[in-house]
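Here are my notes on this model, point by point. Please read them with the coordinates open.

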Amino acid sequence: MSTVSWITLRGLFGRRRFLLLLPLPVVLVLLAVLSRSLGVDPGEWGQPVLVGLGLAVVLPVVALIVGTGVLGAEIDDGTIVHILTKPLPRWQIVLPKLAVAAGVTAITVAVPLFVAGVLADSVRLGLSLAAASAVGALAYSALFVALSLVTRRPVLLGLVYVLIWEGLLGNVVSGTQVLSVQQYVIALADRLAPTELLETSVSVPVATVMAALISVGFTVLAIDRLRSFSMAGETS
């Protein structure tokens with residue numbers, strides 16, 4: 001593990017913000033366990049819990065908390081200066097931080113989604129949700145890391161994307177789904193474990209290409225943006 005990755009992990013787990021990651025995954029598992037224990041038909045609770053809560057709320061919100069924290073918090077408190085003074089290419093700073101953000105998000109979300117998927121249908125569905133959410137974790141993390149470098153209000157803009165674009169418009173205007181990370185995750189999970197619990201109008205090829213473009217494109221943007229930072233931690 002690189003020094004930048006270790007510093008990022010230590011800083012992330014040392015901040016109170018990390019505690020915000022725990023409630024949503026716990027609620028997801030509790031709802032799935034409660035529904036299963038009460039004998040409720042998975043056809044009634046599976047889609048609202050897996051998609052409505054798991055993929056539409058837990059995954060993007062956890063990614064938002066972590067993604068805006070790995071660099072954004074250092075910019076806010078001024079510790080970014082210590083990193084910028086090191087003779088490192090900017091990509092060697094952004095990539096480890098992105099890897100930490102995506103990894104922490106994937107683990108935090110994949111485990112409860114796996115449990116909920118198993119309870120709702122099968123081990124195969126649980127594994128497909130875990131794998132697809134890992135892809136989504138990378139795409140969301142790249143987006144939110146870039147936002148933390150582009151604007152001083154990354155959390156606000158991130159919530160606008162998650163709640164307005166994906167949550168509201170994505171359910172009303174089908175054409176917006178092609179620019180929704182949530183829909184890419186649903187498409188990939190449904191391909192790995194076809195089920196009526198997962199529905200989207202986005203095809204698997206489109207989901208794969210768009211997820212890759214978002215991951216790469218926003219990573220490049222983050223690297224380029226960090227190059228413009230002065231020693232004071234502000235853009236020149």
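1. A cut-off comes first. A residue counts as buried when its relative accessible area is under 20%, as exposed when that area is over 50%, and as partly exposed in between. Keep in mind that this is a predicted model.

2. Overall make-up. The chain holds 10 helices and 0 strands. Read along the sequence, the pattern is α-α-α-α-α-α-α-α-α-α. The chain has 236 residues, and 49% of them count as buried. Take the contacts between residues at least 6 apart in sequence: 73% of these join residues at least 24 apart.

3. Helix α8. Which of its residues are buried? In α8 they are P154, G158, Y161, V162, E166 and G170. These buried residues pack against α3, α7 and α9. The helix has a kink of about 25°, centred on W165. Its length still checks out. At 1.5 Å a residue, the 19 residues of α8 should span 27 Å, and the end C-alpha atoms lie 25 Å apart, which agrees.

4. Helix α7. This one covers residues 123-150, 28 residues in total. At 1.5 Å a residue the expected span of α7 is 40 Å; the end C-alpha atoms are 40 Å apart, so the two agree. Of the 28 residues of α7, 20 are buried, so the rest of the structure largely encloses this helix.

5. A132, a residue to inspect in α7. Helix α7 is where A132 sits. Is A132 buried or exposed? Its relative accessible area is 1%, so A132 is buried. Setting aside residues up to four places away in sequence, A132 touches V185, L188 and A189. The C-alpha atoms of A132 and Y184 are separated by 8.3 Å, although the two residues are 52 apart along the chain.

6. The second largest pocket. Its volume is about 240 Å³. The lining has 15 residues, and those closest to the centre of the pocket are Q47, V51, N171, Q182 and Q183. Three elements give two or more residues to this lining: α3 (42-67), α8 (154-172) and α9 (181-192). Which of them gives the largest share? Helix α8 does, with 5 residues.

7. Chemistry of that lining. How do the residues of the lining of the second largest pocket divide? There are 6 nonpolar, 7 polar and 2 charged residues. Anyone setting up the pocket for inspection can start from this split.

8. Q182, one of the residues closest to the pocket centre. Q182 belongs to helix α9. Its relative accessibility is 6%, so Q182 counts as buried. Which residues does Q182 contact, leaving aside neighbours within four places in sequence? They are V51, L55, A56, Y140 and E166. V51 is also among the residues closest to the centre of the second largest pocket, and E166 is one of the buried residues of α8.

9. L88, outside the helices discussed above. L88 is in the loop between α5 (80-84) and α6 (91-120). At a relative accessible area of 26%, L88 is partly exposed. Not counting residues up to four places away in sequence, L88 touches V4 and I93.

Conventions
Residues are numbered from 1 along each chain as its sequence is written. This is a predicted model: local features need pLDDT of at least 70, side-chain atom pairs count only at pLDDT 80 or more; totals for chains, interfaces and linings use all residues. Side-chain values use heavy atoms; hydrogens and water are left out. On a 1 Å grid over the protein atoms alone, a cavity is a set of points where a 1.4 Å probe fits but cannot get out, and a pocket is an open set with protein on both sides within 12 Å along at least five of seven lines; lining residues have an atom within 4 Å of a point. Grid points are joined across faces, edges and corners, and a volume is the space filled by probe spheres set on the points. Helices (H or I, at least four residues) and strands (E, at least two) are DSSP runs, numbered from the N terminus. Ala, Val, Leu, Ile, Met, Phe, Trp, Tyr, Cys and Pro count as nonpolar, Asp, Glu, Lys and Arg as charged, and the others, Gly among them, as polar. The expected span of a helix is 1.5 Å times one less than its number of residues. Buried means under 20% relative accessible area, exposed over 50%, partly exposed in between (1.4 Å probe, protein chains only). The bend at a residue is the angle between axes fitted to the seven residues ending there and the seven starting there. Contact means heavy atoms within 4.5 Å.
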